[in-house]
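Read the following with the chain open in a viewer. The account begins in a loop and then moves outward to a helix and to the chain as a whole.

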Amino acid sequence: MGFGVFIHRSDSIYDDSPAERYQFPSQYLQRVQACVGDWIIYYEPRKVAETRGYFAVAKVQQVIPDPGTSGMYLALIEPGSYLDFVNPVPFSGADGVVERGVLNTQGRISGRAQSAVRPISPNDFSRIMGLDDREPLLPRVDANASPPGFEEEQAPFQFEQSRDRVSYIASRIVRDRVFRQVVLSAYDKRCAITGLKLINGGGRAEVDAAHIRPVEASGPDIVSNGIALSGTAHWMFDRGLIGLTDNLEILISRQVNDPDAVRGFINKTGRAIAPRRAFERPHAHFLQWHREHCFKQ
């Protein structure tokens with residue numbers, strides 16, 4: 001087992017669904033297999049417009065041949081392990097690149113940085129996961145904290161320390177907090193159904209981060225499985241009284257006792273307000289699940 005970095009583009013030609021599976025060619029098979037049972041960080045290349053950099057963490061459950069494409073494989077993600085970063089981490093900062101493993105002996109970026117799948121050291125993993133001091137997913141680990149000359153003796157400790165720290169994201173309380181921040185940021189703290197943006201006297205947004213496919217039904221903590229909803233809209237959505245088409249038209253159930261009032265409640269466009277960036281929009285896969293299992297026709 002070992003930590004890894006998987007490159008994923010929001011405009012990927014591969015059959016990826018980051019919270020569920022990662023498709024890759026056979027040349028990366030051994031590298032991906034080395035990550036089975038362990039955590040990987042998703043990275044979007046710098047050449048992508050509005051790149052997210054390092055943007056999420058997930059755990060690889062198993063690797064299987066892709067049943068639909070010859071010569072391709074799928075890394076299946078452990079259900080419930082995927083989590084978007086509140087603040088994506090850029091490839092480089094004031095102190096240089098954060099993933100030191102891509103540097104050559106001269107301290108320059110090597111061809112390794114172009115590899116779609118690559119192993120990552122515990123130090124680099126911890127540095128990326130704890131880089132943002134404003135809202136870190138994990139406590140920050142200073143790669144230079146060990147006294148000079150003790151690097152080899154400290155390596156096993158650092159390895160176990162990284163594993164102890166990463167277990168932090170398994171907490172449902174932590175995951176709910178992170179998911180809320182990611183979803184509300186995508187929707188600018190505005191209810192997708194009503195269009196209202198209400199901030200209370202304490203500065204807190206009066207809107208919930210709702211899972212489209214609930215966690216209890218194996219819904220992942222990915223922004224595309226989330227939608228910002230006011231309390232009433234959230235209640236109606238969870239009970240199937242309102243739903244969404246794939247192009248975000250708002251559906252009203254026949255079981256609603258006052259459909260006219262509901263129509264007056266939703267925003268005038270009749271469509272849910274969508275995030276600006278495509279990868280943050282509700283995914284059709286999750287919307288379909290909601291229509292089939294929650295929405296009352």
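Leu-248 is found in the loop that runs between β12 (242–244) and β13 (250–252). The model is a predicted one. In it, the phi of Leu-248 is near 70 degrees, a positive value in a residue other than glycine. Most residues other than glycine have a negative phi. Leu-248 counts as buried because its relative accessible area is 3%, and buried means under 20%.

A second positive phi is found at Asp-188, where the angle is near 55 degrees, again in a residue other than glycine. Asp-188 comes just after α4, in the loop between α4 and β10. Is Asp-188 buried, partly exposed or exposed? With a relative accessible area of 43%, Asp-188 is partly exposed, since that class lies between the 20% limit for buried and the 50% limit for exposed.

Helix α4 itself covers residues 172–186. How far apart should the ends of its 15 residues be? At 1.5 Å a residue the expected span is 21 Å, and the end C-alpha atoms are 21 Å apart, so the two values agree. The expected span is 1.5 Å times one less than the number of residues, which is why 15 residues do not give a longer figure.

The buried residues of α4 are Val-174, Arg-175, Val-178, Phe-179, Arg-180, Val-182, Val-183, Leu-184 and Ala-186. An α-helix has 3.6 residues a turn, so residues three or four places apart point the same way. Val-174, Val-178 and Val-182 are among the buried residues of the helix. The cover over the buried residues of α4 includes three strands, β6 (83–89), β10 (208–211) and β11 (226–229).

Two of those strands, β10 and β11, are joined by a loop that holds Asn-225. Asn-225 is buried, because its relative accessible area is 0%. Which residues does Asn-225 touch, leaving aside its neighbours within four places in sequence? They are Phe-179, Ala-210, His-211, Ile-212, Arg-213, Gly-219, Pro-220 and Phe-286. One of these, Phe-179, is also one of the buried residues of α4.

The chain as a whole has seven helices and 13 strands. Of its 297 residues, 47% count as buried. Among contacts between residues at least 6 apart in sequence, 65% join residues at least 24 apart. The accessible surface of the chain comes to about 15100 Å², and 50% of that surface belongs to carbon and sulfur atoms.

Methods
Residues are numbered from 1 along each chain as its sequence is written. This is a predicted model: local features need pLDDT of at least 70, side-chain atom pairs count only at pLDDT 80 or more; totals for chains, interfaces and linings use all residues. Side-chain values use heavy atoms; hydrogens and water are left out. Helices (H or I, at least four residues) and strands (E, at least two) are DSSP runs, numbered from the N terminus. Buried means under 20% relative accessible area, exposed over 50%, partly exposed in between (1.4 Å probe, protein chains only). Contact means heavy atoms within 4.5 Å. Accessible areas come from the Shrake-Rupley method with a 1.4 Å probe; for residues, only the protein chains shown count as cover.
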